[in-house]
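Please look over the sequence and the model below before turning to the briefing, which is arranged by topic for reading alongside the structure.

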Amino acid sequence: MTQTDRIVTRFAPSPTGYLHIGGARTALFNWLYARGRGGKFLLRIEDTDRARSTPEATEAIFAGLRWLGLDWDGEAISQFARAERHREVADAMIARGGAYRCYATKEEVDAARAQAVAEKRPQRFDSPWRDRDPADAPEGAPFVIRLKAPRDGETTVEDAVQGTVRWSNDQLDDLILVRSDGAPTYMHAVVVDDQDMGVTHVIRGDDHLTNAARQSLIYAAMGWETPVFAHIPLIHGPDGAKLSKRHGALGVEAYRDMGYLPAAMRNYLARLGWGHGDDEYFSTEQATEWFDLSGVGRAPARFDFAKLADLNGRHMRDADDSALLAEIDALLAAQQKPQLDEATRATLLQAMPGLKVRAKTLIELLDNAYYIFAQRPLDFDEKAAKLLDAPARDILAKLTPVLRDASDWRSAALEEVVRNFAEARDMKLGKVAQPLRAALTGRAVSPGVFEVMETLGPSETLARIADQAS
C-alpha cells in the first residue's frame, strides 16, 4: 500500500449475541484509525453460522455501535449473502493452481489424523488428492475445496502490533475453503470479503493471530496484496483472567443502562490497550487525532469499573447541561420509561450544575435528583427520618416564617437567611441545614440544600417544610 492510498478498516462481528465490550473496543480502534486519516470504516456482519445468527443480534450490534457514536460508511454487508462470490473465488483459485478438489471421506481424514497422533506427528492432513488427476475422482462423489498450502519454509506476517510473527509451514495444513455442501468456510470468506471491500488494515483481537497466517496464504494463492494486520491484546478482568460475565463483561447496552455516557465509554475503551503518553482523560476529537497503532501494547488490558466510573464522572462534569439532559432523555427512551414533561425537564436543567458534580453516572444523577420528581408526602430514607426528630421539627417550624418573608429566592441569598437564623439562635448552620435537607429531599445526602430550595421554588419548599414542621 502506498502513502496516497485511502485507509479502509472494518468491523466484522458475528450476530450471535450482544455487542460485547471487547467487540466494541475493536470497533472503536478501527473507527479511530480510519476517521483520523480521512479513511473509511466499514461494517460487515459475519452471519454464515445460520444456526446461531439472528436478526435480533444483528440489530443489537447496530444499536450498540450507534449508541457508542461509531458511524460506518455505506450499508452493512452480509457475509452469508456473498456465498456465491466466495465459491467463485475458490474456483478461480483452482484454475490458478492454488487450490484443489479433495474427495477424501470424513473417515479417511479422521483415520489420518489419528495415525498422526499415534506417531506423535503434527495433525496435518495430507490429502491424496492434492496432486492427483481430478479425472480419477469417483463420478458424483462429494468433495471439498482445499487450499494448496506450501509444504516447506515459513509463513511470515509483519504485524503492526505484534511485530514479525513466523509459522513453520509444516504446521499449516491445506485448509478447507468450501465445504462439501457448497458452504464457504469462515477463513476463506473473510479474505474474499476484505479484498472486495478494499480493506487496507485488519485490526482485530490477537486471538485471530493464527488466522492471519492461513489467510495470508489465501491472499498469496490469488495474487492479492495482503492488508496490514494489527492484532490487539484481549481485555482481561481485574484479576488478570480473560474478561467474562463474572467480571461484568456485558453488552454495551448494559453500560448505557447503567448510566455511562458514550463519550466516556469511547475514552475508556480507547485506553484499554492503547496509550498516548500519560493522558487518561481526553475527548473523542483528541483520540481521533492521536490514535495510532504504534501506541497499542502487546499485553492484555485490564477492565476496571472504578476507572470507568471516574472517567464518566469527569465527562459529566464537563458536559453541557442541555447535552446531559438529552442523554437522560435518550436513556429513558432506551429503557422504555416515561419521558419527562416539559416542566420537570426545565427544573432538572436548572438543577443540573449542582447535580452533575455529585454523580458519576446518569443513574446516580437521577437518583440524586429524586427530590425534583418526588410527590408529597415524601418517602424518607432511614438516615433522613432520624434527622427529623422533635427538636429538628421545632427548628423547621420556627424557620418557616423567616423563609416566607425572604424576598430573594436564589441559593446564595437563601443561605444567608438560614445562616443568620442559625447564628441568632447560637446554632451551627448544619443544625438547621441537615433537617431542612431531609424535609425537602427525603434523603440525608443531596445536592446543596440551598440549590435544592432554589430549584423547588418558594411554594414547594414551604409546603414540604410544613409537612414535617411540628
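The notes that follow take up a sheet, one helix, the largest pocket, the largest cavity and one residue at a helix end.

The model is a predicted one, and every value given here was computed from it. Three strands, in the order S1-S2-S3, form an open sheet with parallel pairing. The largest pocket has a volume of about 1200 Å³, whereas the largest cavity has a volume of about 30 Å³.

**The three-stranded sheet**

- Strands S1 and S3 stand at the edges of the sheet, each with a single partner strand, so one side of each is left without a neighbour in the sheet.
- Strand S1, which covers residues 8-11, runs parallel to S2 and is joined to S2 by four bridges, and within this pairing Arg10 has Leu42 of S2 as its bridge partner.
- Between S1 and S2 the chain passes through helix H1, residues 21-35, and this β-α-β crossover is right-handed.
- Strand S3, residues 77-78, pairs with S2 over two bridges, again in the parallel sense, and here Arg44 stands opposite Ile77 of S3.
- A right-handed β-α-β unit is also made by S2, helix H2 (residues 55-68) and S3.
- Strand S2, residues 40-45, is mostly covered, with five of its six residues buried.
- As background, the strands of a sheet pair through backbone hydrogen bonds, in either a parallel or an antiparallel sense.

**Helix H5**

- Helix H5 spans residues 186-197, and its twelve residues reach 16 Å from the first C-alpha to the last, close to the 16 Å expected at 1.5 Å a residue.
- Because nine of its twelve residues are buried, H5 is largely enclosed by the rest of the structure.
- The buried residues of H5 include the run of Val190, Val191 and Val192, the neighbouring Asp193 and Asp194, and also His188.
- Just after H5 comes Gly198, which takes a positive phi of about 75 degrees.

**The largest pocket**

- The largest pocket is lined by 43 residues, of which Pro13, Ser14, His20, Asp207 and His208 are the closest to its centre.
- At least two lining residues are supplied by each of S1, H1, helix H3 (83-96) and strand S9 (201-205), and the largest share, six residues, comes from H1.
- By class, the lining of this pocket has 19 nonpolar, 14 polar and ten charged residues.
- Helix H1 thus appears in two settings, since the chain crosses through H1 from S1 to S2 and H1 gives the largest share of the pocket lining.

**The largest cavity**

- The structure holds one cavity of 30 Å³ or more, and the residues that line the largest cavity are Ala351, Gly354, Leu355, Tyr371, Pro447, Glu451, Val452 and Thr455.
- Helix H12 (342-356) and helix H19 (449-468) are the elements that give two or more residues to this lining.
- By class, the lining of the largest cavity has five nonpolar, two polar and one charged residues.

**Ala424 in helix H17**

- Ala424 lies in helix H17, which covers residues 411-424, and at 63% relative accessibility Ala424 counts as exposed because the cut-off for exposed is over 50%.
- The C-alpha atoms of Ala424 and Ala213 are separated by 82 Å, the two residues being 211 residues apart along the chain.

Terms used. Residues numbered from 1 in each chain as written. Predicted model: local features only at pLDDT ≥ 70, side-chain atom pairs only at ≥ 80, totals over all residues. Heavy atoms only, no water. Buried < 20%, exposed > 50% of the residue type's maximum accessible area, 1.4 Å probe, protein only. Pairing = 2+ DSSP bridges. Right-handed = clockwise from strand over helix to strand, strands pointing away. Expected span 1.5 Å × (residues − 1). 1 Å grid on protein atoms, 1.4 Å probe; cavity = no way out; pocket = protein on both sides within 12 Å on 5 of 7 lines; lining within 4 Å. Points joined across faces, edges and corners; volume = space filled by probe spheres on them. Nonpolar A, V, L, I, M, F, W, Y, C, P; charged D, E, K, R; others polar.
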